[in-house]
Amino acid sequence: MGQPTDHSLRTAWLARQLAIAEGLNPDECDTVCEASLLRWSGCTANASEFAELLGDDIAGREAMVAMRPGWADAMAAKGNIDDVIEPLARIHCEVSVEVARMLGLDNATQTTLWNILETYDGRGKLHRLPGDRVPLPVFIISVAGDLEIFTRVYGIERALVLIAKKGGASYPASLIDSVALLSEQWLRALDRTSPDEIEAALLTGGMRKATSPELIADVIDLKLPWMTGFSRAVAQISAVCCENAGLDKASQSRVYRAGLIHGIGSAAVPNAAYDDPSTRSASAWERFRLAPYWTLRAGRQIAALEREAEIASFVHERLDGSGYFRGATGKSIPMEARILGTVVAWVELRSERPWRKALSASEAVAQLMKEAKIGRFDPTIVEYVGSATLADRQPRRRRSNAIRLSLRETEVLHRISLGASNKEVARDLNLSPSTVRTHVESVFRKLECSTRAAAALKASSMGLLPSEPTDFVSKAISYRSGNSI
């Protein structure tokens, strides 16, 4: 969304203060905290649609939430803004709700997220509910988010003017009184509060439950349609490589988790920067090179994954110093990071991209060996990757017993989760478009979803999608015990 890495934390803290000022009970305050933190959790899911609409999905959305002059021009050129935004809003809300459900948060938080884009005047971007039918936490979070963004962008005086103008439309005018009276006091207190103190203030009972790092991987991979399952594949293969290299169980688990989160920084890079590398502009390339830096910055905010974030930030470094973002060389790249970086390169070569076909396993290893000869990779680690990918071909992930998909439904789901249109799926599977549409509708019904992004997220978490590039199935070794965060 083009926001600093602490935006959601600060918004949640401010929203909690407003909730208390408005007399909400403790359970309602918990809902405000949880939904504030997850408010933008669907932002990766519709990034490709925003990129198509605005060109730069990050700068465009930053302009939108900051109400910068002319922010809506690109949308208006596509037609009625409400009609343009509605499908993107649905993706966002549905994925946010699914994330909350997977985290085990209660119905109040899920309901708030489902309505998070509603407005008090009934002209919200999804359901268009009248204000009295929208949960109050929605409006409290909306005001707090505006206060955090507007104050940072325009200063407190201009922020209060903008918020006042939205009173009665975006949120009830009654909330403006508390904001006008107390916002400066809140902001001064917030600036004096340490990150640990903020986290302690926001920690609800629901947030004390253990969280699977696989969920982080799946949300990361939603940003680019053709990345579904990529981070899981990297994690699984990397752990096996660590075992082959003789690293202990702690290292295997650490590298597995680093593989899951290595792509966090991609959320800070516009989708257009991931287009065909041969046509990538110099400015796009510079933003692309900063992805591992943002992985380090964002990952370090998760105490349980701080070491993993450090490892993950080395994934694009190369032994000869030709990598990024540090330009690290030789032994300055830790062994765990060398393994992870080699596996990321292998999985990329084995995965189809919009601008090229996937390489076979032997072709991918040969390509890495060629680069090892000129000093970019460690040839021994390349051999570990080759042996790991030829290991026992047993399915590692357990499929859910709750949902049964036919083989054809699974094939269709896999292809649409990678961004294929119904027509492309029909062509690939030699089916009619109407048959594919029937299968898609059946999959959505069984998964209780209405968007492809939510279906991909839910199916991945349930083991209904392969987490391997092409035909690879990783060695059946469990690295998940003790890996919750």
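A residue counts as buried when its relative accessible area is under 20%. Cys33 meets this criterion, because its relative accessible area is 1%. The structure in question is a predicted model, and the values that follow were computed from it.

The overall architecture is helical. The protein contains 24 helices and zero strands. The chain runs to 485 residues, and a compact globule of that length would have a radius of gyration near 23 Å. The protein has 23 Å, so the value agrees with that of a compact globule. Along the principal axes, the C-alpha atoms fill a box of roughly 65 × 55 × 45 Å. Of the 485 residues, 53% count as buried. Contacts between residues at least 6 apart in sequence were also examined: 69% of them join residues at least 24 apart.

The surface and the charges were then considered. The accessible surface comes to about 21,100 Å². Carbon and sulfur atoms account for 51% of that area. The protein carries 59 positive and 59 negative charges. The mean positions of these two sets lie 4 Å apart.

Cysteines were inspected for cross-links. A disulfide is a covalent bond between the sulfur atoms of two cysteines. The structure holds zero disulfides. Cys33 is in no disulfide, and the nearest cysteine sulfur, that of Cys29, is 6.9 Å away. A pair would have to lie within 2.5 Å to be counted, so the sulfurs of Cys33 and Cys29 do not qualify. For Cys449, the closest cysteine sulfur is in Cys93. The separation is 14 Å, which is too far for a bond. Cys449 counts as buried, because its relative accessibility is 9%.

Cys241 is a further buried cysteine, with a relative accessible area of 0%. Its place is in helix H13, which spans residues 230-244. Neighbours within four places in sequence were set aside. Cys241 is then in contact with Ile339, Val343, Tyr384, Val385 and Ala388. Cys241 and Arg123 are 118 residues apart in sequence, and their C-alpha atoms are 53 Å apart in space.

Two other buried positions illustrate packing within the helical fold. Gly145 lies in helix H8, which spans residues 136-154. Gly145 counts as buried, at 0% relative accessibility. Leaving aside neighbours within four places in sequence, Gly145 is in contact with His7, Thr11 and Arg39. Arg39 is 106 residues from Gly145 along the chain, yet their C-alpha atoms are separated by 9.4 Å.

Asp218 lies in helix H12, residues 213-221. Asp218 is buried, with a relative accessible area of 5%. Residues up to four places away in sequence were again not counted. On that basis, Asp218 touches Arg232, Leu457, Ser460 and Ser461. Ser231 is 13 residues from Asp218 along the chain, and the two C-alpha atoms are separated by 7.4 Å.

Pro26 provides a contrasting case. Pro26 is found in helix H2, residues 26-37. At 62% relative accessibility, Pro26 counts as exposed, because the cut-off for exposed residues is over 50%. Pro26 and Ala291 are 265 residues apart in sequence. Their C-alpha atoms are 38 Å apart in space.

Backbone geometry was examined last. Most residues other than glycine have a negative phi, and most peptide bonds are trans. Met67 has a positive phi, near 55°. Met67 is found in the loop between helix H4 (57-65) and helix H5 (73-76). At 35% relative accessibility, Met67 counts as partly exposed. Arg128 also has a positive phi, of about 55°, although it is not a glycine. Arg128 is found in the loop between helix H7 (107-114) and helix H8 (136-154). At 36% relative accessibility, Arg128 counts as partly exposed.

A cis peptide bond joins Tyr324 and Phe325. Its omega is about 15°. Phe325 is found in the loop between helix H17 (306-312) and helix H18 (335-350).

Key: Residues numbered from 1 in each chain as written. Predicted model: local features only at pLDDT ≥ 70, side-chain atom pairs only at ≥ 80, totals over all residues. Heavy atoms only, no water. Helix = DSSP H or I, 4+ residues; strand = E, 2+ residues; numbered from the N terminus. Rg over C-alpha atoms; globule rule 2.2 N^0.38 Å. Buried < 20%, exposed > 50% of the residue type's maximum accessible area, 1.4 Å probe, protein only. Contact = heavy atoms within 4.5 Å. Areas by Shrake-Rupley, 256 points an atom, 1.4 Å probe, with all protein chains shown as cover. Lys, Arg positive; Asp, Glu negative; His and termini not counted. Charge placed at Lys NZ, Arg CZ, Asp CG, Glu CD.
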